[in-house]
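Trainee: I have a new model open on my screen and would like to walk through it with you. Could we take it one question at a time?

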Amino acid sequence: MVCVLRKPILDWGTYNALGTLPNAMLLGMRLTEIPPRIFSRRAIDEKYFREYGSTCKDVFTTITAHAPYYSLTSEDKSTLKATERAMKSAIKLSRIAGAEIFNLHIGSALDDRDKAIEMAADMVKKLLKEEKKILISLETTHSPKFLGSIEDIKAIAEATDPERVIISLQLDNDFIRENKIYESGRFNLADKQTNEDFWYNLFKKALPLTKKYFSLRFSQVVGLYLRKRIFVKRRVPFGRGYPNIKPLARAIARFLVKEIYEKEIPVEVHIIYTGPPQTKYTDTLEMYHSIIREVAELL
């Protein structure tokens with residue numbers, strides 16, 4: 001009998017500044033993400049990002065970068081120009097650090113969704129041209145007021161480069177959006193209705209929008225209404241919010257084993273914890289443990 005060794009297909013971790021990389025290393029995380037706030041600090045230059053990359057070398061299998069929180073859409077041309085400059089600088093610095101993926105929040109859907117999609121696609125094209133080796137992942141959102149449904153991301157990818165523009169499922173956002181919690185605020189009811197098949201079907205829908213990497217982001221959240229009409233979500237420590245990790249972990253494990261590992265689909269799965277910084281290391285370990293225990297049951 002010949003034993004065939006396969007490369008692990010699950011990379012997991014959380015966001016880290018340069019100074020906190022040793023913590024992630026000590027805990028055995030396989031992935032690190034450059035946080036968006038790093039790109040907004042004027043005192044940080046290329047040297048910082050070179051050191052980030054050299055520190056990660058031979059330790060982490062993957063470096064990702066989260067772009068600063070600037071909307072790719074705006075009715076104001078000067079705002080778009082400023083966003084373009086900031087994003088081009090951030091993606092250049094990400095490459096210097098060795099990042100393979102540059103993750104973006106897309107931004108407002110404006111009053112004309114089709115126009116907003118065209119505007120976002122134009123910005124993505126400029127970033128693809130700026131750095132030709134980095135993949136761009138577009139993150140799903142929680143409300144139709146923003147671009148970031150699976151359909152929105154598919155449209156932007158098709159209008160730019162489907163080989164280099166992929167989806168990144170922010171699972172708490174998907175939970176809110178698909179259950180329309182932004183309309184009702186009824187987290188508890190939606191959580192009871194969200195089973196393993198809900199997540200599995202979501203993954204199957206998103207899989208065609210992946211190339212090389214299947215990116216999953218997660219934190220538990222609660223929500224509230226400001227002035228009784230503006231819905232906002234708040235990220236909370238693991239175990240204190242929604243959605244329930246149990247059906248989600250089972251779905252991730254089953255999808256990873258049945259749809260990717262056994263079918264030998266050439267993608268790596270990324271599990272990135274995005275919760276509160278105060279508890280992110282213990283939370284990341286709990287999240288990973290919840291998922292990998294379910295994987296072990298299927299092997």
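Mentor: Happy to, and let's begin with a proline: Pro 243 sits in the loop between β11 and α10 (245-261). Keep in mind as we go that this is a predicted model.

Trainee: Which residue does a cis peptide bond join to Pro 243?

Mentor: Pro 243 belongs to the loop between β11 and α10. The peptide bond to look at has an omega of about 0°, so it is cis by the usual reading of that angle, and the residue joined to Pro 243 there is Tyr 242.

Trainee: Asp 191 is in contact with that proline. How far away is the nearest side chain of opposite charge?

Mentor: Asp 191 is found in helix α8, residues 187-193. Leaving aside neighbours within four places in sequence, its contacts are Phe 175, Tyr 242, Pro 243 and Asn 244. Asp 191 is buried yet has no salt bridge. The nearest side chain of opposite charge is that of Lys 192, at 9.0 Å.

Trainee: Phe 175 is also listed in helix α6. How many of the eight residues of that helix are buried?

Mentor: Helix α6 covers residues 171-178 and is mostly covered. The buried ones are Leu 171, Asp 172, Asn 173, Asp 174, Phe 175, Ile 176 and Arg 177. Of the eight residues, the number buried is seven.

Trainee: And which residue with a positive phi follows α6?

Mentor: Look just past the end of the helix, where phi is near 55°. The residue there is Lys 180.

Trainee: Is Phe 231 buried or exposed?

Mentor: Phe 231 has its place in strand β11, residues 230-236. Setting aside neighbours within four places in sequence, its contacts include His 142, Ile 176, Tyr 182, Phe 187 and Leu 224. Its relative accessible area is 11%, and the cut-off is under 20%, so Phe 231 counts as buried.

Trainee: How far apart in space are Phe 231 and Glu 183?

Mentor: In sequence, the two are 48 residues apart. In space, taken from C-alpha to C-alpha, the distance is 8.0 Å.

Trainee: Let's turn to salt bridges. How many are there by the rule used here?

Mentor: In general, side chains of opposite charge can pair when their charged atoms come close. One network of salt bridges links Glu 84, Lys 88, Asp 122 and Lys 126. The count for the model comes to 20.

Trainee: Which residue forms a salt bridge with Glu 75?

Mentor: The closest N and O atoms of this pair are 3.2 Å apart, and the partner of Glu 75 is Lys 115. Glu 75 lies in the loop between β3 and α3 while its partner is in helix α4, so the pair ties together parts that are 40 residues apart in sequence. Glu 75 is exposed at 51% relative accessibility, whereas its partner is partly exposed at 38%. The name you asked for is Lys 115.

Trainee: In the salt bridge of Arg 95 and Glu 131, what is the distance from N to O?

Mentor: The side chains of Arg 95 and Glu 131 meet in this salt bridge at 2.7 Å. The pair links distant parts of the chain, with Arg 95 in helix α3 and Glu 131 in the loop between α4 and β6 (135-139). Arg 95 is partly exposed at 39% relative accessibility, while Glu 131 is buried at 9%. The N to O distance is therefore 2.7 Å.

Trainee: What kind of charge gathers in the surface patch that includes Asp 114?

Mentor: Asp 114 is found in helix α4, residues 113-130. With a relative accessible area of 55%, Asp 114 is exposed. The patch also holds Asp 111, Asp 112 and Glu 118, and its charge is negative.

Trainee: One last item: what is the phi of Asp 58?

Mentor: Asp 58 is in the loop between α2 (46-56) and β3 (62-66). Asp 58 is exposed, with a relative accessible area of 75%. Although Asp 58 is not a glycine, its phi is positive, at about 70°.

Definitions and conventions: Residues numbered from 1 in each chain as written. Predicted model: local features only at pLDDT ≥ 70, side-chain atom pairs only at ≥ 80, totals over all residues. Heavy atoms only, no water. Helix = DSSP H or I, 4+ residues; strand = E, 2+ residues; numbered from the N terminus. Buried < 20%, exposed > 50% of the residue type's maximum accessible area, 1.4 Å probe, protein only. Contact = heavy atoms within 4.5 Å. Patch = residues over 30% accessible without salt bridge, like charges linked within 9 Å, V, L, I, M, F, W, Y side chains within 5 Å. Areas by Shrake-Rupley, 256 points an atom, 1.4 Å probe, with all protein chains shown as cover. Salt bridge = Lys/Arg side-chain N within 4 Å of Asp/Glu carboxyl O. Lys, Arg positive; Asp, Glu negative; His and termini not counted. Charge placed at Lys NZ, Arg CZ, Asp CG, Glu CD.
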